[in-house]
Amino acid sequence: MRVLTCGPVRVYKEAVPIPSAFAPSTVEGETESFDALRKPDPWAEATRRRVIVAFAAVFATSTLIVLPGVLAGVGPDPLAALVRFVLAALVLPLVLAGLARWVIRAVQSLERSREHLVDLYDLARLDSMLDPLTGLGNHRAFQEELLRQVDDSRRYGGVLALAMIDLDELKRTNDEQGHAGGDVLIRSLARLIQATTRASDRAFRIGGDEFAILLPHTDADTAHVLIRRLLASALDGHPALIGTNRLSFSAGISSFPTPSSDGGRLTRQADAALYWTKRHGRTDVHVFDPSRHGTAGDPRSIPELAAAVADVVNRRALRAVYQPIFSLTTGDVIGFEGLVRPTADSGFRDASSLFGAAEAAERIVELDHAAMETVLAGAGSLPAGCYLSVNLSPRTLEADDFLVGSIVGALSAHGLEPSRVVLELTERETIADLDRLQANLESCRGAGLRIAADDVGAGNAGLRMLTEIRFDIVKIDLSLVQRGVLHESSMAVIRAIRDLVDRWGASTVAEGVETADQLLAVQTLGISSAQGYLLARPGEAMIAEGVDLETLAAVATPRLVAKAS
């Protein structure tokens with residue numbers, strides 16, 4: 001048994017095979033030649049056989065030629081015949097045997113050199129697959145094992161989960177304790193993973209502070225439980241930790257074959273969930289959700305998405321559309337929501353994928369500013385008596401360099417008064433710095449802008465905003481509006497939002513009104529205004545053409561009228 005030492009770990013091998021976790025590369029030509037070296041050398045074996053056969057043939061020939069003459073008394077001198085016999089039958093074969101031994105030794109030396117080369121290759125291969133700091137597999141090992149496990153799962157109909165993990169405090173530790181302190185933190189997490197994961201799981205360090213764990217025969221929900229247990233162990237202070245009492249990390253999870261259909265998508269989706277977790281509070285574990293993490297179906301990596309979003313911003317590959325907002329009392333248009341769509345050459349299929357990519361790549365602030373500029377550039381024809389709504393994310397309004405003066409200046413450049421503009425605070429991202437957000441919103445209100453809460457009811461973030469921030473307009477998410485005609489619980493939420501907004505003296509807008517039943521329901525609930533495809537679709541021109549609400553609502557189902565009231 002030989003012992004291979006590589007970094008801080010010792011790997012024991014009988015014949016120095018590559019571990020299954022670090023299977024040979026699939027790069028064509030890289031391993032095939034070394035696999036051939038591991039097999040017996042046919043040339044060496046043939047040479048050895050030829051030498052033995054030649055020695056036997058010479059010995060037999062010399063014996064057959066000389067021995068009969070000796071026995072028959074050939075020649076006048078029997079002693080001379082005996083000498084010739086000894087030379088031919090004994091000395092010559094001995095000489096040939098010496099030559100044969102020399103040849104065989106050369107062959108054996110070649111064999112040993114070949115075996116040594118194989119061992120060196122195995123050592124180099126093993127070294128190239130291990131992270132020297134932690135002893136875990138490195139990025140190359142991860143890529144190869146990922147392909148192997150995805151192939152196995154596809155072949156046998158199994159499931160596979162991938163967890164991407166990122167240390168939360170590595171930068172601060174490096175700043176305070178130097179890189180030696182950061183190395184201790186990295187080794188601690190590696191030891192914790194090795195101590196708490198299952199024997200079938202495979203862990204890798206794939207970047208500076210980023211780890212990956214492949215969990216075969218495990219679906220996303222089970223992986224979520226396992227990684228949350230790992231996080232709890234890290235926070236509670238597991239005995240495996242070294243040099244620190246506790247540590248924290250963020251994690252994202254995806255699974256194969258659903259929603260990820262291949263290894264590349266599995267990695268990207270777990271990575272997207274990880275980035276979302278880091279931007280929304282850290283120290284948590286999230287399973288990839290296409291509607292939340294925004295890169296479903298997009299094969300590009302996070303750096304590629306960042307570059308694509310930057311290209312859209314730099315080229316202004318955006319076009320503005322405007323959806324009318326109607327009074328549910330008169331049917332008149334009272335405002336327009338300015339929206340953007342990516343152009344055909346932008347590389348994004350729709351606005352949802354564009355903004356989802358911007359969030360995943362942390363480029364949302366840049367995209368928000370570009371979108372606002374695009375909307376304002378087409379707002380010169382805003383009809384009299386109407387307002388314009390512009391969407392901004394909490395991330396933009398919390399930014400260190402946010403200045404209300406820049407927004408007012410942009411409005412002035414396009415001939416718009418602040419009193420005619422509403423800033424819609426979207427719910428795409430949760431609030432990270434509530435105090436800064438409140439201060440910046442008050443500055444906007446002081447400059448004459450009105451503030452709206454967008455998509456309220458789509459999640460907890462919007463409802464939380466209502467308790468923390470005073471709004472002039474509250475927009476009820478289309479999911480509540482469209483479910484409201486079917487579920488009493490949704491109707492109760494809409495009533496509660498309406499009562500709260502009424503006490504503020506603010507106004508409400510129902511989003512996503514697409515049927516007569518929905519229109520009649522929100523009218524009956526006392527919602528003051530609405531927008532949706534039933535009333536008008538978004539268009540490039542601002543057309544302030546009212547609608548006949550009675551005619552639109554006339555086909556509503558009677559039972560729904562009683563339910564809404």
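User: Which residues in α4 meet residues in α7?

Analyst: In this predicted model, Phe 142, Leu 146 and Val 150 are the α4 residues in question, and they meet Gly 263, Leu 266 and Thr 267 of α7.

User: At what angle do α4 and α7 pack, and how far apart are their axes?

Analyst: Helix α4, residues 139-156, packs with α7 at an angle of about 120°, and the two axes are 9 Å apart. The pair is therefore classed as oblique. An angle over 145 degrees would have counted as roughly antiparallel, and one from 65 to 115 as roughly perpendicular.

User: Thr 267 appears in that list. Is Thr 267 buried or exposed?

Analyst: Thr 267, which is found in helix α7, has a relative accessibility of 18% and so counts as buried; the cut-off for that class is under 20%. Beyond residues up to four places away in sequence, Thr 267 touches Phe 142, Leu 146, Leu 162 and Met 164.

User: How should one read the pairing of strands in a sheet?

Analyst: In general, the strands of a sheet pair through backbone hydrogen bonds, in either the parallel or the antiparallel sense. Here, one open sheet consists of 5 strands in the order β4-β5-β3-β6-β7, with mixed pairing. Strands β4 (202-205) and β7 (285-287) are at its edges; each has a single partner strand, so one side of each lacks a neighbour in the sheet. On average, neighbouring strands of this sheet are turned by 20° against each other, direction ignored.

User: Which helix packs on this sheet, and which strands does it touch?

Analyst: Helix α7, residues 263-279, packs on the sheet and touches β3, β5, β6 (249-256) and β7. The direction of α7 makes about 150° with that of β6. Helix α7 thus has two settings to inspect: the sheet and helix α4.

User: How many bridges join β3 to β5, and do these strands run parallel or antiparallel?

Analyst: Strand β3 (residues 160-167) is joined to strand β5 (residues 210-216) by 7 bridges, and the two run antiparallel. As a point of registration, Leu 160 stands opposite Pro 216 in β5.

User: Which strands pair with β10 in the parallel sense?

Analyst: Strand β9 (residues 333-342) runs parallel to β10, with 4 bridges between them. Strand β11 (residues 421-425) also pairs with β10 in the parallel sense, over 5 bridges. For the register, Gly 338 has Val 390 of β10 as its bridge partner, while Leu 388 has Val 421 of β11.

User: How many residues of β10 are buried, and which lie on each side?

Analyst: Strand β10 spans residues 387-392, and 6 of its 6 residues are buried. One side carries Tyr 387, Ser 389 and Asn 391; the other carries Leu 388, Val 390 and Leu 392. Both faces are covered.

User: What surrounds a single residue such as Pro 324?

Analyst: Pro 324 lies in strand β8, residues 318-327, and counts as buried at 6% relative accessibility. Apart from neighbours within four places in sequence, its contacts include Val 333, Gly 335 and Phe 336, as well as Ala 530, Gln 531, Ala 536, Arg 537 and Ile 543. Pro 324 and Gly 546 are 222 residues apart in sequence, yet their C-alpha atoms are 9.4 Å apart.

User: How does Gln 482 read on the same points?

Analyst: Gln 482 is placed in helix α16, residues 478-484. Its relative accessible area of 24% makes Gln 482 partly exposed. Not counting residues up to four places away, Gln 482 touches Gly 512, Glu 514 and Gln 518. The C-alpha atoms of Gln 482 and Gly 512 are 7.2 Å apart, with these positions 30 residues apart in sequence numbering.

User: What do the overall figures say about the protein?

Analyst: The protein has 20 helices and 15 strands, and buried residues make up 47% of its 565 residues. Of the contacts between residues at least 6 apart in sequence, 69% join residues at least 24 apart. The accessible surface is about 26700 Å², with 56% belonging to carbon and sulfur atoms.

User: Where does pLDDT stay under 50?

Analyst: As a general rule, predicted coordinates should not be read in detail where pLDDT is low. In this model, pLDDT stays under 50 over residues 1-37 and over residues 559-565. The average pLDDT of the protein is 79, and 72% of the residues score at least 70.

Definitions and conventions. Residues are numbered from 1 along each chain as its sequence is written. This is a predicted model: local features need pLDDT of at least 70, side-chain atom pairs count only at pLDDT 80 or more; totals for chains, interfaces and linings use all residues. Side-chain values use heavy atoms; hydrogens and water are left out. Buried means under 20% relative accessible area, exposed over 50%, partly exposed in between (1.4 Å probe, protein chains only). Contact means heavy atoms within 4.5 Å. Accessible areas come from the Shrake-Rupley method with a 1.4 Å probe; for residues, only the protein chains shown count as cover. Two strands pair if DSSP finds at least two bridges between them. Axes are lines fitted to C-alpha atoms, for helices over the stretch in contact, and angles run from 0 to 180 degrees between N-to-C directions. pLDDT is the predictor's confidence in each residue, from 0 to 100. Angles under 35 degrees count as roughly parallel, over 145 as roughly antiparallel, 65 to 115 as roughly perpendicular and the rest as oblique.
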